[in-house]
Amino acid sequence: MKSAWFVAFCCTLGSTAALAEITGAELDAAAASLDKRVIEWRRDFHRNPELANREVRTSAKVAEHLRALGLEVRTGMAHTGVVAVVEGELAGPTILLRADMDALPVTERTDVPFRSTATGEFRGRTVGVMHACGHDAHTAILMGAAEILVGLRGRLPGKVLLVFQPAEEGVPEGEQGGAPLMLDEGLLDVAKPDAAFSLHVGSLLPAGTVALRPGPMMAGSDFFRIVVTGRQTHGARPWSGIDPIVAASNIVLALQTIVSRDLDLTAAPAVVTVGAINGGVRHNIIPAEAELLGTIRTFSEKDRKEVIERLGSIASGVAAAHGATARLEMMPAPNPVLVNDPDLTQVVTESLKRALGMDAVRASTLNTVAEDYAHIAEAVPSVYWWVGVTPASQDPSTAPDNHSELFYVDEAGINVGLRSLLHVAVDYLQAPPSR
Ligand SMILES: [Zn+2]
Ligand SMILES: [Zn+2]
């Protein structure tokens, strides 16, 4: 009798808990009540930005917050990465939510009261440091989401792997880091996610809106170096040497034909950019060498391979036509194409429309920028979306872009970002799509 009552009581409790689904209104109310603190965190990070692989203060703040929430926190992953798991008390799937923490070597020129005056060392030079890509907002948003999810743990199905990632913008020369290093260090063994979600604030959308697309979302990026070798001589007697600067100049022009002549542009766009030309020290010396540094952006492995192959053959062919030689070096740590899982994108789009309204959810174009989160998205079905942060009164096409020294985050977009992440996460956990 006693045990039957006990069973009945347990079942009543169990079904009550199952019925008390977490609602969207509840998530919005929680996000609203935390809004001020999320913005305080963001401003604190903004005032104290740190370069890639140097996010010591930022990660300490994150770890302190997560510990205060009662979570078991793993620090020092991929140098300064912080990871924790929110364990819901109901059975369910596991998801990964990721924020990046690093800032850029940019001297801030906005006039916000929490403007950065920080400096750091980049390639041996002292540089200004600024959260010019909005990773301060991402970190604060995920800290807020962590707090709200912990508060809902009693009715939360499944687990949430919180990932605060260093070095999204690329690592200092000779170092490793970012998403690939976190994966190498066993990120997905901490809790094996069924799905992964991440977002990025962007200047190209007004605050209050988000944008995403199924399939390729951001380009794969590669960085290259071409060294052109000639023969040094007096600038007044070019015929007695081989001029690598003229050869390099022709290589830069000839590389323009890779995208315009060799790729099927009806399938996907691509970019080949030479961003630096180095060679020579003085007006009347033809140097022995010239160096070109550049990047390629592609949306498929096929295009990527073709561009790299054409880079090499154009560089060596054009150099040979000038009597010089050219050597192509591809830099380590390319980013793969960031792909949104098509089925999951549909599910997430529905969540976002319910959370933010139909008009707030836009279709993203292809983006030729890149993201090292693409490594995580290769390993786990994933969706990634843009969150607008340009003031509604301003034309986004004229707003200073991400990475600009004038990049500005309308903080109304931060609350939208937090709500978008919470709704997507909780919707997935409460009603995981069958795969
Ligand atoms: Zn960036
Ligand atoms: Zn970024």
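Two strands count as paired when DSSP finds at least two bridges between them. Keep that in mind as you open this predicted model, because pairing in that sense is what sets up the first stop.

**Stop one: the sheet.** Select E12, E14, E10 and E15, and you have an open sheet of four strands in just that order, with antiparallel pairing. Now colour the two edges: these are E12 (271-278) and E15 (325-330), each with a single partner strand, so each has one side with no neighbour in the sheet. Turn the view to look along the strands and you can follow the twist, which averages 20 degrees from one strand to the next.

**Stop two: E10 against E15.** Pick residues 220-229 for E10; six bridges tie this strand to E15, and the two run antiparallel. Want one bridge to zoom in on? Try Val227, whose bridge partner in E15 is Arg327.

**Stop three: the helix across the sheet.** Add residues 301-321, which is helix H8. H8 lies across E10, E12, E14 (289-298) and E15, and its direction is at about 160 degrees to that of E15.

**Stop four: a helix pair.** Hop over to H3 (residues 56-68) and H4 (residues 135-151), which pack at about 10 degrees with axes 10 Å apart. Angles under 35 degrees count as roughly parallel, so that is how H3 and H4 are described. To see what touches, show side chains for Thr58, Lys61, Val62, His65 and Leu66 on H3, then Thr139, Met143, Ala146 and Glu147 on H4. Colour this contact by type and you get four nonpolar, three polar and two charged residues.

Terms used. Residues are numbered from 1 along each chain as its sequence is written. Chains are lettered from A and ligands numbered from 1 in the order in which they are written. This is a predicted model: local features need pLDDT of at least 70, side-chain atom pairs count only at pLDDT 80 or more; totals for chains, interfaces and linings use all residues. Side-chain values use heavy atoms; hydrogens and water are left out. Axes are lines fitted to C-alpha atoms, for helices over the stretch in contact, and angles run from 0 to 180 degrees between N-to-C directions. Angles under 35 degrees count as roughly parallel, over 145 as roughly antiparallel, 65 to 115 as roughly perpendicular and the rest as oblique. Contact means heavy atoms within 4.5 Å. Ala, Val, Leu, Ile, Met, Phe, Trp, Tyr, Cys and Pro count as nonpolar, Asp, Glu, Lys and Arg as charged, and the others, Gly among them, as polar.
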